[in-house]
Structure formats: C-alpha cells, structure tokens
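New to this one? Take a moment with the structure below, and then let's walk through it together.

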Amino acid sequence: MRTAVSAALLGLGAFAVATGLVLQLHTHPYLAKLQHNIDNVSVSSGEGVTAIVYPPNGLPEIRHNLSVTATTHVEGDLSAPEVKQNGDVTVWKRSTIVKESKDDLVLSAEVRRICIDRRTGEAVAPCHGEFYETEQGKRMIGQGAKPLHPGLNFVFPFGTEKRDYRWYDTVLKEPVPIHFAGEQQLQGLDVYRFVHTIEPRELDHFQVPGSMIGSRESSVDVTQYYGVTRTLLVEPETGAVLSLREDIKQELRTVTQRAGEGTYAFDGELALTPASVTANVDEVKKNRPLLFMITTLPTILWVSGAVLIAAALVLLLLHRRGFLVAGVALVIGACLGTGTTFWVTNASDPDSSLDLKNVVSSTNVDYGLR
C-alpha cells in the first residue's frame, strides 16, 4: 500500500514538474508572440483643439475650438514574404486619419507598413515593402538593414519591464526614450504607465499664406516646432497598449518670434475613447486563461510537484522498498506531462489556422492622403 502511494505521489510530482518546465521553456516562447492576422480599429478624440484645416477650393486656415477624431486601423499583411507560420517576424500596416467633426475635413493622414519582431515588438530589417506615407506620391521606402521605423511602434514586449524603452515618434521620425512612471489599475487590470515629454523641436522651414498667421504679407517664412507629452497604459504580460493620451503642440514661428509667440498649427489633446480602451481591456481579459497557463501556472506546478516528490521520497526512505516501482512511476509521470503539454501547446498555436499559401495582397485603403 505504501509503495503504491509513493509511486502515485512520484508520478504526479514528475507530471507536474515536467509540465511546468515545458510550459516555461517551450509553450511560453511558442505562444507569447504577436499575431499575424491582427485587424484592429481604435479611435482617439479631442475637444477644443486648434488645428490647420484645408477647405475644398480654398487656402489652408487655422481654426480654433475644434472637435477632432483620429481613427487608426492596424491590419496584418499575410502576403508579406516575412510572414511565416511560427516565424519570428510579422508585418503590420497602420493607417491613421485625423478629421475635424464640423465639416468632416481631413487634418492629416498617414499609412505605414512595418516588420516587427513578434516577441519584442521592435521594428526589424531588412523588410520588403516597408514604407511611410503622409502625402500622395511622397512615400518613404525602407532600405537595407536599417529599419525605417526603429524602436517600438504598436506594442511593448511580452513581459514588459519597469524600465525605459524606445518609442517611435511618427512626427520626428525617430525613436524617443519613454519612461516607466508607475503602476495603476485600469478596469480591473494591473497596468504600467509610461510617459515621455518631448520639448519643442525644430522640424522644418517653409512658407505659409500671411493670412494664416495674422500677417498682411502674401506669404511668410516660418519654422515649424513640435512637442508632445505622451502617456501610455500598458498591460505588462502581453505588452498591449490599452490607453494612449497625447498632448500635442505644433507652432509656426517667424524669425523674430520666440517660443509661445508664434501661431499654433496644432494645439490640443487626443486620447483613446472609452470604447476603444474598453475593447483593448476586454481583449486582454479574453486571453487571461492563456496568460495564466504560460506565466503563473508553471510556478504553481513546480512548487506542487516538488512537494509531492519530496513526500514520496520520505515514504520510500522510511520503508526502504518499492524503489523500482517508484522509478517507473517517475518516468511515466514525466513522459505524460511532457507529451500532454506539447500536444496542448501545438493545438493552441494561432498560426496553425492561417492559410499563408493562398493569400491575396492586403487592401491598400485610401485613408485621406492628400
């Protein structure tokens, strides 16, 4: 009887420890990866915004107290040559259009296509077809081994840490350090807050109609300056950005004007709408069982397995018999744990449901580019 109990404890303990090890060493890296077939739409909005608008058949002008909406569509490009089943790289395309609500006029728009490391969230190169476009016919193309959009663009890494990261700023066209600023709760989830403030930087020199900046001249030379305070709330296990808030300032200054004395081409705050934030939170909560399986469960299994094995060894040493049966139980338990976990992992693989051999090129949506 005692031999049977010892064997059972050893078998269960070995099963638990083997399962925990496979979950940690195989399942976590196998499943903790960005999906190829993402298709997500999010909306940011702001009130009381100052911005340049472009009336049809008229000169651009600056208007105040606008209601502004920014709609972003992120979709996976399954036709990209970098996209492979269980590959380390995926390709996402992001289209964003910013409109004012009263006359439904486009303020700005952009389309980007990026290759991303599926675990770190960092842009990678070389990337076939990588581009960035804000105006029709003026597309910036990625070349060689240097990413066009270096740093993080959409998400943080799986297992986000409490440290600084590099977040790509689409206006500056360069990655900027973003700092860990604390923890908080968001609709029942523990999240990390990341913040950076970019002090006004000189962007470009060009001419604008004098009427735009209150001058009697027909055209005036100005310098454009840009600054932003950006706050992101990130779910650390998945790296998903659940909430985004940006306080943006773009100022046009003449040669005689100092900071704050020019004309704001954009001045306002845009934040993800409550509906978009809730949708992001719900998506993370939906994946909680998988998150539990690859993050918390291995530790539970290791501890419980160690306790069971220790108890079995105590019984064996006290009675000094049944070692052969116990050894067989140990091997069987370890094999069952390993085999079962490999099978469950492969069955849970999201890539297995994708047909990457018969993919039509992703849609090239006209997203308001002028």
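## A first tour

Let's start at leucine 301, which sits in helix 4, residues 297-319. With a relative accessibility of 15%, leucine 301 counts as buried, because the cut-off for that is under 20%. Leaving out residues up to four places away in sequence, leucine 301 touches Ala16, Val17, Thr19, Gly20 and Leu23. One of those partners, leucine 23, is 278 residues away along the chain, yet the two C-alpha atoms are 9.8 Å apart.

Keep in mind that this is a predicted model. Zooming out, the protein has five helices and 12 strands. It runs to 370 residues, and 45% of them count as buried. Among contacts with a separation of 6 or more, 62% are between residues 24 or more positions apart. The accessible surface comes to about 18,900 Å², with 56% of that belonging to carbon and sulfur atoms.

Helix 1 covers residues 2-31, and phenylalanine 15 is found there. Phenylalanine 15 is partly exposed at 32% relative accessibility. Together with Ile332 and Leu336, Phe15 makes a nonpolar surface patch of about 260 Å².

Now for the charged side chains. Side chains of opposite charge can pair when their charged atoms come close. In this protein the count comes to 21 salt bridges. Here are some of them:

| Pair | Closest N to O distance |
|---|---|
| Aspartate 88 and arginine 119 | 2.9 Å |
| Glutamate 110 and arginine 112 | 3.6 Å |
| Arginine 230 and glutamate 246 | 2.6 Å |

The pair of arginine 230 and glutamate 246 links strand 10 (residues 219-235) with strand 11 (residues 240-253), across 16 residues of sequence. Are these two buried or exposed? Arginine 230 is buried, with a relative accessible area of 5%, and glutamate 246 is buried too, at 17%.

Aspartate 88 and arginine 119 also meet in a salt bridge. Aspartate 88 lies in the loop between strand 2 and strand 3, while arginine 119 lies in the loop between strand 4 and strand 5, so the pair ties together parts that are 31 residues apart in sequence. Both ends are partly exposed: aspartate 88 has 47% relative accessibility, and arginine 119 has 28%. There is also a network of salt bridges that links Glu61, Arg63 and Asp103.

Glutamate 110 and arginine 112 are both buried. Glutamate 110 has another partner as well: its side chain makes a polar contact of 2.6 Å with that of arginine 94. Arginine 94 belongs to strand 3 and is buried, at 16% relative accessible area. Setting aside neighbours within four places in sequence, arginine 94 has contacts that include Thr72, His73, Val74, Phe154 and Thr170.

Last stop: the backbone. Most residues other than glycine have a negative phi, and most peptide bonds are trans. Which residues have a positive phi here? Asparagine 65 is one of them, with phi near 55°. Asparagine 65 is in strand 2, residues 61-76, and counts as exposed at 64% relative accessibility. Aspartate 104 is another, with phi near 60°. That aspartate 104 lies in the loop between strand 3 and strand 4 and is partly exposed at 48%.

And where is there a cis peptide bond? The bond from alanine 125 to proline 126 is cis, with omega near 5°. Proline 126 lies in the loop between strand 4 (106-117) and strand 5 (131-133).

How values were computed: Residues numbered from 1 in each chain as written. Predicted model: local features only at pLDDT ≥ 70, side-chain atom pairs only at ≥ 80, totals over all residues. Heavy atoms only, no water. Helix = DSSP H or I, 4+ residues; strand = E, 2+ residues; numbered from the N terminus. Buried < 20%, exposed > 50% of the residue type's maximum accessible area, 1.4 Å probe, protein only. Contact = heavy atoms within 4.5 Å. Areas by Shrake-Rupley, 256 points an atom, 1.4 Å probe, with all protein chains shown as cover. Polar contact = N/O pair within 3.5 Å; in protein donor to acceptor, adjacent residues only side chain to side chain. Patch = residues over 30% accessible without salt bridge, like charges linked within 9 Å, V, L, I, M, F, W, Y side chains within 5 Å. Salt bridge = Lys/Arg side-chain N within 4 Å of Asp/Glu carboxyl O.
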